[in-house]
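This report covers two topics: aromatic ring contacts and surface pockets. Please keep the sequence and coordinates open while reading.

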Amino acid sequence: MTDRAGIRTDVLYTLVHRLGLFRLVLFFSVEPLWDAAAGALRLAGLPTWQLDALWPGVTDIGWVSLLMYLLVFDFVGYWLHRAQHQFNPWWALHSLHHSQRQMTMWSDNRNHLLDDVLVATVFALLARLIGVEPGQFVAITVITQLHESLQ
């Protein structure tokens with residue numbers, strides 16, 4: 001028996017989730033606060049750290065820094081997913097993703113909204129911490145979300 005209401009819910013959630021709306025909203029929400037904090041650190045004479053400044057002349061090339069960011073995001077994403085399965089409070093949220101009774105091409109994207117907000121928050125803060133620029137963050141979000149959908 002086909003659960004059409006459940007499939008509609010999954011399609012709607014896929015549009016929200018796979019477009020990366022939570023990640024983008026959180027990234028652009030923390031950006032002004034992060035910029036202010038980084039500016040205050042620089043005024044105090046303290047250094048800020050940027051991943052693309054790791055090897056000047058190499059890591060600051062656009063496609064090289066994008067690949068480095070993608071590797072960092074994939075690594076952190078792996079460990080976040082392990083944490084979702086390991087810690088009971090987080091598993092209580094994440095288990096919704098594993099509770100599908102009817103598998104469709106849309107069912108992979110059903111997640112608890114709070115679970116998505118937690119993961120999106122980690123990625124938004126991580127992006128600011130390692131120096132991802134807004135345009136790069138949009139590209140990273142599109143690439144990673146598309147990659148997850150194709151898996």
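## Aromatic contacts

The structure, a predicted model, holds six aromatic pairs. Take Phe73 and Phe123. Their ring centres are 5.1 Å apart and their planes meet at 20 degrees, so the pair is stacked. The cut-off behind that label is an angle under 30 degrees.

The pair also links distant stretches of sequence. Phe73 sits in helix α3 (residues 62-86) and Phe123 in helix α5 (residues 113-130), so the contact ties together parts that are 50 residues apart in sequence.

## Burial and clustering

Are these two rings buried or exposed? Phe73 has 4% relative accessibility, so it counts as buried. Phe123 also counts as buried, because its relative accessibility is 4%. The threshold for buried is under 20%.

Phe73 and Phe123 belong to one aromatic cluster with Phe27, Phe28 and Phe137.

## The largest pocket

The largest pocket has a volume of about 790 Å³. Its lining counts 30 residues. Closest to the centre are Arg18, Arg23, Gly77, Gln145 and Glu148. Which elements give two or more residues to this lining? They are α1 (4-18), α2 (21-43), α3, α5 and α6 (134-150).

Helix α3 gives the largest share of the lining, with eight residues. By class, the lining of the largest pocket has 12 polar, 11 nonpolar and seven charged residues.

## The second largest pocket

For the second largest pocket, the volume is about 240 Å³. Its lining consists of 17 residues. Trp34, Ala38, Thr48, Gln50 and Arg128 lie nearest the centre. The elements that give two or more residues here are α2 and α5.

Which element gives the largest share of this lining? Helix α2 does, with seven residues. By class, the lining of the second largest pocket divides into nine nonpolar, five charged and three polar residues.

## Elements that recur

Some helices appear under more than one heading. Helix α3 carries Phe73 of the stacked pair, and α3 also gives eight residues to the lining of the largest pocket. Helix α5 carries Phe123. This helix gives two or more residues to the lining of the largest pocket, and two or more to that of the second largest. Helix α2 likewise gives two or more residues to the largest pocket, and seven to the second largest.

How values were computed. Residues numbered from 1 in each chain as written. Predicted model: local features only at pLDDT ≥ 70, side-chain atom pairs only at ≥ 80, totals over all residues. Heavy atoms only, no water. Phe/Tyr/Trp six-rings, centres within 6.5 Å; stacked < 30°, edge-to-face > 60°. Helix = DSSP H or I, 4+ residues; strand = E, 2+ residues; numbered from the N terminus. Buried < 20%, exposed > 50% of the residue type's maximum accessible area, 1.4 Å probe, protein only. 1 Å grid on protein atoms, 1.4 Å probe; cavity = no way out; pocket = protein on both sides within 12 Å on 5 of 7 lines; lining within 4 Å. Points joined across faces, edges and corners; volume = space filled by probe spheres on them. Nonpolar A, V, L, I, M, F, W, Y, C, P; charged D, E, K, R; others polar.
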